[in-house]
Structure formats: structure tokens, C-alpha cells
Amino acid sequence: MSLVLSRSLCRVFSRQSAQSSFLFGEHHYAVQSPWFTPVMTIKTSAPLSMEPKKKKKVDPRREQLARDRLKKKLRKLEKVPPELIPIEDFTTPTKCLDETRARIAPSLSFQESERRALLLKEWSRYKQKQHMDEMQAVEFALKAQSEALEELKLESEELYKAALMPDPHLFPIVHEGPAYTPSIPKYEAPDGKYNDVTKVYTQ
Amino acid sequence: MAAPCRRMANRSLLQFFSHFSRTAVRNTGFREFSSNSVCRASLQTKTVTETATSPWTLVAAVCLQRLPVISADLHPLEQEFKEMMLQMELERSLVSDHELRVLEESERMSRKKADDYDSDEEGSQGNQEIMLAQDMEDAWEQKLKNFQLAPRVTADIDKDLTSAQRCLADSLFLLAEQQVGREKLWLLPQTQWQEGETLRQTAERALASLPGNTAAGFKATFLGNAPCGVYKYKLPKAVRTESTVGTKVFFFKAILSDSAPPTSPSLLWLKKNELQKYLKPAYSMKVDRFIINM
């Protein structure tokens with residue numbers, strides 16, 4: 001309030017003095033009374049404009065220290081072990097736990113259960129015989145090979161050593177296994193579209 | 001038999017002389033050393049002459065196998081077991097989405113056909129599907145019937161022994177008719193070994209030099225450098241000389257990687273049980289050991 005009053009008074013005096021001091025242009029300010037220091041002069045006061053800034057050495061160091069502290073904090077936060085990727089095969093999907101999907105187990109007759117048990121035993125015997133035959137066939141083949149190598153050794157050392165050398169071009173062998181039906185010659189398979197919905201996890 | 005005996009004799013000679021050199025006095029030791037070196041030199045020349053005059057001619061043969069193209073027919077026990085397993089698995093399983101849908105729709109149809117059917121009740125369950133599950137099943141069956149699969153067994157090709165497409169469920173072995181001595185015999189393709197090549201290269205040459213082998217040839221993968229079997233036979237006494245007592249045939253296994261190999265009337269593709277008809281008994285005994293019918 002006092003400022004506003006002083007300002008208005010100042011303007012009144014300046015107007016009056018403007019008329020009288022038109023002849024003394026530059027000494028306009030010196031003429032006014034000492035009570036009313038114009039507000040404008042405060043901004044241009046000497047001490048505030050002339051002092052140089054002292055922020056050259058200390059502040060960069062301080063800034064770096066601050067940055068290091070932040071980095072350390074970030075590293076501590078990041079030390080948390082990465083989240084393990086869930087194995088989708090190990091979690092039973094909720095569809096399977098649905099009770100409405102349970103099938104009623106049929107009651108088997110005595111004959112049927114007997115037949116199944118006997119068939120399982122037959123099968124185990126059949127499979128055992130098959131396995132033993134396979135093992136024996138492999139043993140015979142190995143014996144035949146060792147005999148051949150012995151005979152070769154008797155013949156010449158060079159050829160024997162050449163036979164023992166591993167073949168670098170043998171592996172990888174690629175062979176298409178047997179299918180149920182033979183492949184149709186010159187068959188053009190139609191192009192198919194599919195949406196790949198596999199979930200990709202990133203650690 | 002003579003070869004190892006000779007080598008043994010040489011070894012014992014060397015041992016005798018080395019013992020002498022160790023126990024003898026210095027002035028006499030020098031003499032022993034020199035005699036030792038002479039002995040060793042003679043030993044070396046003896047071994048060289050041994051290899052050059054080995055009485056057996058070396059021959060390499062290739063056992064080319066065409067692996068089965070289709071799965072074998074099931075043994076009756078296997079068929080029975082397969083059906084039983086499917087039945088058991090079905091009993092122990094949960095009802096699938098498709099089955100649930102089929103059940104729902106069959107119930108809905110039965111309710112529609114009942115006399116006291118009220119269509120307003122059905123409206124609350126959502127939209128009626130255009131395609132019933134049963135219709136979808138029929139469409140799938142129709143599609144399967146329309147698709148023409150290649151037949152598993154073609155009787156005419158099976159009887160043609162020269163075709164490599166016969167008996168797709170078994171593994172076949174290549175047999176060629178070759179001149180051995182004075183006779184023409186059916187045996188696994190073979191050629192004589194030449195100086196400066198390994199036995200495997202001889203076997204590869206045997207395969208390449210078959211009649212009916214065009215520029216394409218048989219694309220075979222040889223399984224390793226080592227032979228898988230050996231068959232040795234002595235020539236009849238009339239033909240036997242100092243340098244040739246008999247022949248040693250080394251067999252190498254190879255797998256056919258070509259689906260349409262070249263055919264020729266002098267080449268046969270036979271199953272293991274058919275080989276006995278064409279091969280000589282002693283030969284087939286040796287060959288049967290490394291031919292695994294799996």
C-alpha cells in the first residue's frame with residue numbers, strides 16, 4: 001500500500017517536475033526529493049551485476065558424486081535375480097481340473113481284466129525276445145568287424161591304419177525315417193496358414 | 001600262418017643280441033652293436049619282402065543297403081496290444097472340448113424332438129451354431145476319403161527283383177552277377193585292390209564300376225573306413241601258386257541315399273531271407289553276420 005502511494009506520488013511529482021525541468025533533461029533524477037528513491041533503480045544496483053560466478057570447480061565434482069550415488073542405487077535395485085521362465089508343461093491348465101470333464105470309469109468284467117493282464121505279460125515277453133535278438137545281432141556284427149580288422153592287420157599295416165582312421169565327412173548323417181505310406185511322387189502340398197501363439201518369455 | 005612265425009623268429013633274435021650287448025665287456029660291445037645293426041637291417045628288408053609277397057589277393061566289396069521306406073506291418077500280438085492301449089488310454093482320459101460339444105448338441109437335439117419343447121428357453125443359451133459338431137466330423141471324414149494315399153504294397157513291383165522300390169517295409173541289399181575266376185556268381189559287388197588306394201576307395205570303385213551305372217550312379221554314404229566283415233577262400237590246389245594262395249574279400253557297408261537308383265538286369269535288390277538262394281553257403285554265412293535286418 002505504501003509502495004503504491006509512493007509510486008503514485010512519484011508520478012505526480014515527475015509530471016510536475018517534467019514541466020519545470022524540461023530545460024535540465026539529464027538531471028531529472030537528481031532534482032527529485034531524497035525520500036522517493038524510484039523502484040527502478042533497485043534492479044540496476046551495482047553489487048548484483050558486477051560479481052563473477054564461482055561455479056567452475058566445485059559443482060562438476062558434486063554433480064558427479066550425485067550421479068555415482070544414483071548409479072549405485074540402480075545397481076543395487078538391479079541385483080535382483082532374473083525372474084525364472086515358467087515351464088508351461090509343468091503347470092496343469094485349469095481346463096484339466098474341470099470336474100465336468102471327468103469320464104465315468106467303466107466297470108470291466110473279470111474276463112476283460114484277465115485278458116488285459118495276460119496280454120501285458122505276453123507283450124513283455126515279446127519285447128524282451130526282440131531286445132535280446134537285437135543285442136545279439138549287434139554283437140555278431142561287432143565280432144565280424146573285429147575279425148575283418150584282424151585279417152587286414154595280418155595283410156598290411158598301412159591298410160589297417162587307414163581303416164582305423166575316423167571319417168570326418170561321415171557326420172552329420174541325414175536320413176528320413178519310415179512313414180506309414182510311401183511318399184506320393186510329384187505331390188504339391190497346398191500352402192497352409194497358421195497363427196503362431198507360442199508365448200515368448202524374456203528374462 | 002607262415003608270416004607271423006617268421007616275425008616271431010626275428011623278434012627273438014633281436015632280443016638275444018640286445019641281451020648280449022648289455023652283458024658284454026666294452027671292447028667286445030662294439031662288435032655286438034655292429035652285428036646288431038646288421039641284424040636289424042636284415043630284419044627290415046625281410047618285413048618289406050613279406051608285405052610284397054603276401055599270398056592273399058585283396059578284394060573289397062560293398063554291401064549297399066536300401067533302408068525301409070514305410071513302417072513294417074504289425075505282428076498280430078502288436079496289433080492286439082495297440083488296440084488295448086488305445087482303449088485303456090481312452091478310459092483314463094478327460095473329456096475333450098470336441099466331445100463336450102457333441103454331447104451338448106445331441107442333448108439339444110433330443111430336447112428339440114421332445115414334445116414339450118419350448119424354443120424360448122434355448123434363446124438364453126446364446127446363438128445356435130450354424131455348423132454342428134457332427135456335421136464337422138462328417139466333413140472331415142469326407143476329406144480324408146477324398147485324399148489319395150500312395151499304396152503301401154504293390155504286388156507287381158514286389159515281384160520284380162531288379163526294382164529298388166520293392167518291399168518298402170524291409171531293407172534291401174544289392175547283389176550283382178560278377179565273373180570270379182571261371183564262373184559267374186551272384187555276390188556283393190567287388191573289385192580287386194590296387195596299389196596306392198585304401199580299401200574303402202576300392203569299395204567305392206566297385207560301386208561306381210557296376211554295369212547299368214549311368215553318370216548319376218548310386219548315391220551311397222559309406223559308413224566309415226573300417227570293413228564290417230571278411231570272407232577268405234583258398235583257390236583250388238590246381239590253380240594255387242607261390243604268390244597266390246587265395247583271396248580275402250573285405251566288405252564295406254553303405255546306405256543308399258537315392259530314392260530312384262538306376263536299374264539293370266544284372267543287379268538284384270534282395271531281402272535278407274532271399275539272399276541265401278543266390279549266395280554260396282560259406283559266403284552267405286559270413287555275410288549274414290553283419291547284415292542286420294532292422
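This is a short selection tour of a predicted model, stop by stop.

**Stop 1: chain A and its helix α6**

Colour chain A by secondary structure: seven helices and zero strands should appear. Its accessible surface comes to about 19,700 Å², and carbon and sulfur atoms account for 61% of that. Of its 203 residues, 11% count as buried.

Now select residues 110–155 of chain A, which make up helix α6. From first C-alpha to last, this 46-residue helix reaches 68 Å, close to the 68 Å expected at 1.5 Å a residue. Its buried residues include A:Leu119, A:Trp123, A:Ala141 and A:Leu152.

Stay on this helix and show the side chains of A:Asp133 and A:Lys129, which meet in a salt bridge at 3.2 Å, N to O. The two are separated by about one helical turn, because they stand four residues apart in the helix. A:Lys129 is exposed at 55% relative accessible area, while A:Asp133 is partly exposed at 38%.

**Stop 2: a stacked pair between the chains**

Over all chains, the structure has nine aromatic pairs. For one of them, pick A:Trp123 and B:Phe81: the rings are stacked, 4.1 Å centre to centre with 5° between the planes. This pair joins two chains, because A:Trp123 belongs to α6 of chain A and B:Phe81 to helix α3 (residues 76–91) of chain B. Are these partners buried or exposed? A:Trp123 is buried at 18% relative accessibility, and B:Phe81 is buried too, at 11%.

**Stop 3: an edge-to-face pair and its surroundings**

Next, select A:Tyr187 and B:Phe147, an edge-to-face pair with 5.8 Å between centres and 85° between planes. It also crosses between chains, running from the segment after α7 (157–164) of chain A to the loop between α6 (133–146) and α7 (155–159) of chain B. Here A:Tyr187 is partly exposed at 44%, as is B:Phe147 at 37%.

Add A:Ile184 and B:Leu149 to the selection, and with A:Tyr187 and B:Phe147 you have a nonpolar surface patch of about 370 Å². A:Ile184 sits in the segment after α7 of chain A and is partly exposed at 30%.

Then try A:Tyr180 with B:Arg152: the charged end of the arginine sits over the tyrosine ring, 4.3 Å from its centre.

**Stop 4: charges across the chains**

Side chains of opposite charge can pair when their charged atoms come close. How many salt bridges does the structure hold over all chains? There are 23.

Choose A:Lys95 and B:Asp97, whose side chains meet at 2.9 Å, N to O. This bridge joins two chains, because A:Lys95 lies in the loop between α5 (58–78) and α6 of chain A and B:Asp97 in helix α4 (residues 97–113) of chain B. A:Lys95 is partly exposed at 48%, and so is B:Asp97 at 39%.

For a network of salt bridges, select A:Glu112, A:Arg115, A:Arg116, B:Glu80 and B:Glu91 together.

**Stop 5: inside chain B**

Finish on chain B with the salt bridge of B:Arg200 and B:Glu204, 3.1 Å from N to O. B:Arg200 is buried at 14%, whereas B:Glu204 is partly exposed at 33%.

Then show B:Tyr231, B:Tyr233, B:Phe251, B:Tyr283 and B:Phe290, which form one aromatic cluster.

Last, find B:Pro227 in the loop between β5 (220–222) and β6 (229–234). This proline is buried at 0% relative accessibility. Its C-alpha is 8.7 Å from that of B:Ala60, although the two residues are 167 apart along the chain.

Notes:
Residues numbered from 1 in each chain as written. Chains lettered and ligands numbered in written order. Predicted model: local features only at pLDDT ≥ 70, side-chain atom pairs only at ≥ 80, totals over all residues. Heavy atoms only, no water. Phe/Tyr/Trp six-rings, centres within 6.5 Å; stacked < 30°, edge-to-face > 60°. Buried < 20%, exposed > 50% of the residue type's maximum accessible area, 1.4 Å probe, protein only. Lys NZ or Arg CZ within 6 Å of the ring centre and 35° of its normal. Patch = residues over 30% accessible without salt bridge, like charges linked within 9 Å, V, L, I, M, F, W, Y side chains within 5 Å. Areas by Shrake-Rupley, 256 points an atom, 1.4 Å probe, with all protein chains shown as cover. Salt bridge = Lys/Arg side-chain N within 4 Å of Asp/Glu carboxyl O. Expected span 1.5 Å × (residues − 1).
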